[in-house]
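Hi,

Here is the structure I promised to hand over. Have a look at it first, and then read on for what I found.

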Amino acid sequence: MMIEVTHRSDHDFNETDYLYEIETPCNHQRNHNVELVIHSIICILGFMGNSLVIVTYAFYKRTKSMTDVYLLNMAIADLVFVVLLPLIVYNELTAWSMGPVACKLLHGSYSINLYSGMLLLACISTDHYIAIVQARRSFRLRSLQYSCLICTIVWVFALLLSVPSFYFYNWYDASHTESILITEEGTLDFEPSHYVCEFKFTDTAIAKIARLAIPSTQLAVGFFLPLLIMVFCYTAIIITLLKAKNFQRHKAVRVVLVVVAVFVICHLPYNVTLLYDTITMFGEMTCEDSDALLTAKTVTQTIAYLHCCLNPVLYAFIGAEFRNHFRRIVRGVWCLGKRYIASQCFSRTTSEVYLSTRCSVDGTSENGSSFTM
């Protein structure tokens, strides 16, 4: 973009001597259509999976162990997460048309559910460690009272960690429309308004601290802390299981390895990219490098979002008892849907649905944990 200085004087001058090239911000090219489609798929799958977990606990399965309480809270966190995600994407594509209140609430709530979900994964790992490695003390440590208290602490801690997001995210006009641009053709050009929801600071010193502290906290608490806890707990679990000469125990080892591998595959790429972005935050970068970094963050962040869809499969539906409860829901919905066609099927399955709340399909009792090792 060129700006022409049009002031006049009595002396002859060459107009080109007053043309200056202005360094404009990088214009990142992003494929919003592909991003919107992928995020829509993640939202649909995540909504269905986590809703089924919540419905199963609400109507068919009582929360009887620490793992049950953690799974229910994690499903709630993931469900809220996938509900907020399309709203955030929509507002980004429409220049935050929902205004300043939605800006703060959406990003703040997003942060709360991000932290709570990751910390609950760490809690589930610890509970599995106590149940298997510290089996003798598990009855004293694994109580519903403790689990409810821990979940409350997790949600409060996540809220405190999200205070900067509520405070520093602001809705403002980033187009600087008050400035008048004079093009090379000599015509006036007013840049249109473009509202964004981003961090906004009034003090340079606070900006530097917050810009480093917020992503650093997300890296430390939202990834490295749960990862270290999971690695420690599941390593001890694998060692304990390998000592037991039992086929089911060895099968459980494979389940543990899959849980850890999925967590690392989903979250490691994005957090490595976020770490690089944090380290190079205040350094100079070309538009090409900046565009490549933004693309990498978008792709790896989308992979990280997939974990909220996989959590119900990895933690809830992997248990035999939980699958039995899920089969009851499917059977009840299927037969109730056929009542308009066959009233006999409706009358028969109605009693089965009520009976299924007392006895599982395969005769198992309701005293087990939903995560079956």
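Helix 3 (residues 100–132) and helix 5 pack at about 145 degrees, their axes 8 Å apart; axes here are lines fitted to C-alpha atoms, for helices over the stretch in contact, and angles run from 0 to 180 degrees between N-to-C directions. Helices are DSSP runs (H or I, at least four residues), numbered from the N terminus. The crossing of helix 3 and helix 5 is right-handed, meaning that the near helix is turned clockwise from the far one by less than a right angle; anticlockwise would be left-handed. On the helix 3 side, the contact (heavy atoms within 4.5 Å) uses Ile112, Asn113, Tyr115, Ser116, Leu119, Leu120 and Cys123, and helix 5 brings Ile150, Cys151, Val154, Trp155, Phe157, Ala158, Leu159 and Leu161. That makes 13 nonpolar, 2 polar and no charged residues (nonpolar: Ala, Val, Leu, Ile, Met, Phe, Trp, Tyr, Cys and Pro; charged: Asp, Glu, Lys and Arg; polar: the others, Gly among them).

Before the rest, the ground rules. This is a predicted model, where local features need pLDDT of at least 70, side-chain atom pairs count only at pLDDT 80 or more, and totals for chains, interfaces and linings use all residues. Residues are numbered from 1 along each chain as its sequence is written, and side-chain values use heavy atoms, with hydrogens and water left out.

Helix 5 (residues 144–161) also packs on helix 2, at about 25 degrees with the axes 8 Å apart. The two are therefore roughly parallel (angles under 35 degrees; over 145 is roughly antiparallel, 65 to 115 roughly perpendicular and the rest oblique). This crossing is right-handed. Met66, Val69, Tyr70, Asn73 and Ala77 of helix 2 touch helix 5 residues including Tyr146, Ile150, Cys151 and Trp155.

Helix 2 has another partner in helix 10: about 165 degrees, axes 10 Å apart, so the pair is roughly antiparallel. Here the crossing is left-handed. Leu71, Met74, Asp78, Phe81 and Val82 in helix 2 meet Cys308, Asn311, Tyr315 and Ala316 in helix 10, a set of 7 nonpolar, 1 polar and 1 charged residues.

And the cavities? There are 2 of 30 Å³ or more, a cavity being a set of points on a 1 Å grid over the protein atoms alone where a 1.4 Å probe fits but cannot get out, with lining residues having an atom within 4 Å of a point. The largest holds about 50 Å³, volume being the space filled by probe spheres set on the points, which are joined across faces, edges and corners. Its lining is Asn50, Val53, Leu71, Met74, Ala75, Asp78, Asn311, Pro312, Tyr315 and Ala316.

Cheers

Definitions and conventions
On a 1 Å grid over the protein atoms alone, a cavity is a set of points where a 1.4 Å probe fits but cannot get out, and a pocket is an open set with protein on both sides within 12 Å along at least five of seven lines; lining residues have an atom within 4 Å of a point.
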